[in-house]
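Work through the exercises below with the model open beside you. Try each task before reading its solution.

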Amino acid sequence: MAAKLNLDKLDLQIIHEMIDNAEVSYADLGKKLFVSGGTIHVRIKKLQEAGIVKGTKLNVDMKQLGYDVIAFIGIYLEKSSLYDSVARELQKIPEIIRLNYTTGNYSMFAEIICKDINQLRAVLHDELQKIKGIERTETFISLEESFSRNVQVYTS
């Protein structure tokens, strides 16, 4: 685990700006924050090494690519001690894009994206239900995503 990193105002400003637009050049970001592009580069590298910045992602509209079904799956485990082994098996299913270990009714909560209901059925029946340690599941189909956003990082 990385040592506790003391983030200063510039680090937080860099994170804030890059959450909004990860494509901004270091030079342009440096101009906006009144430092050199080299300083931005060094700070980003430091944030990456500390595990705070974990790369950049392309934000893709999956519906435009034909993935029309988003679902959430509440997973009940036979025993909570099986979490790690079940999580490893779930990670092998490419349609599962997010997995959380949770409190409440479910042991785990997963988000899944599929092209259609037939693919969702196949994943649920042919893959998910065969994983040892899963007692049962409950599936919720998303009708619409109203919004998606990152938490705002405050700089002051």
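The exercises go from domains to the sheet and then to salt bridges. Keep in mind that the model is predicted.

**Exercise 1. Find the domains of the protein chain and state how far apart their C-alpha centres lie.**

Step 1. Read the domain assignment. It gives domain 1 as 9-50 and domain 2 as 62-142.
Step 2. Take the C-alpha centres of domain 1 and domain 2. They lie 36 Å apart.

**Exercise 2. Work out the strand order of the open sheet.**

Step 1. Line up the four strands. The order is E2-E3-E1-E4, and the pairing is antiparallel.
Step 2. Pick out the edges. Strand E2 (96-101) and strand E4 (134-141) each pair on one side only.
Step 3. Check the twist. Neighbouring strands of this sheet are turned by 20 degrees against each other on average, direction ignored.

**Exercise 3. Describe how strand E1 pairs with strand E3.**

Step 1. Locate the strands. E1 covers residues 69-77, and E3 covers residues 108-114.
Step 2. Count the bridges. The two strands pair in the antiparallel sense over seven bridges.
Step 3. Find one facing pair. Phe72 stands opposite Glu111 in E3.

**Exercise 4. Trace the salt bridge of Glu111 and classify both partners by exposure.**

Step 1. Find the partner. Glu111 meets Arg98 through their side chains, at 2.2 Å from N to O.
Step 2. Place the pair. Arg98 is in strand E2 and Glu111 in strand E3, 13 residues apart, so the bridge links distant parts of the chain.
Step 3. Apply the cut-off: buried means under 20% relative accessible area. Glu111 has 11%, so Glu111 is buried.
Step 4. Turn to Arg98. Its relative accessibility is 45%, so Arg98 counts as partly exposed.

**Exercise 5. Which parts does the salt bridge between Lys32 and Glu17 tie together?**

Step 1. Check the contact. The closest N and O atoms of Lys32 and Glu17 are 2.9 Å apart.
Step 2. Assign the helices. Lys32 lies in helix H2 (residues 26-33) and Glu17 in helix H1 (residues 9-20), so the pair ties together parts that are 15 residues apart in sequence.
Step 3. Classify Glu17. Its relative accessible area is 18%, so Glu17 is buried.

**Exercise 6. Compare the exposure of Glu89 and Lys92, then count the salt bridges.**

Step 1. Confirm the bridge. The side chains of Glu89 and Lys92 meet at 3.0 Å, N to O.
Step 2. Classify each residue. Glu89 is partly exposed at 34% relative accessible area, whereas Lys92 is exposed at 58%.
Step 3. Give the total. The count comes to seven salt bridges.

How values were computed:
Residues numbered from 1 in each chain as written. Predicted model: local features only at pLDDT ≥ 70, side-chain atom pairs only at ≥ 80, totals over all residues. Heavy atoms only, no water. Pairing = 2+ DSSP bridges. Axes fitted to C-alpha atoms, helices over the stretch in contact; angles between N-to-C directions. Domains from an automatic or database assignment. Salt bridge = Lys/Arg side-chain N within 4 Å of Asp/Glu carboxyl O. Buried < 20%, exposed > 50% of the residue type's maximum accessible area, 1.4 Å probe, protein only.
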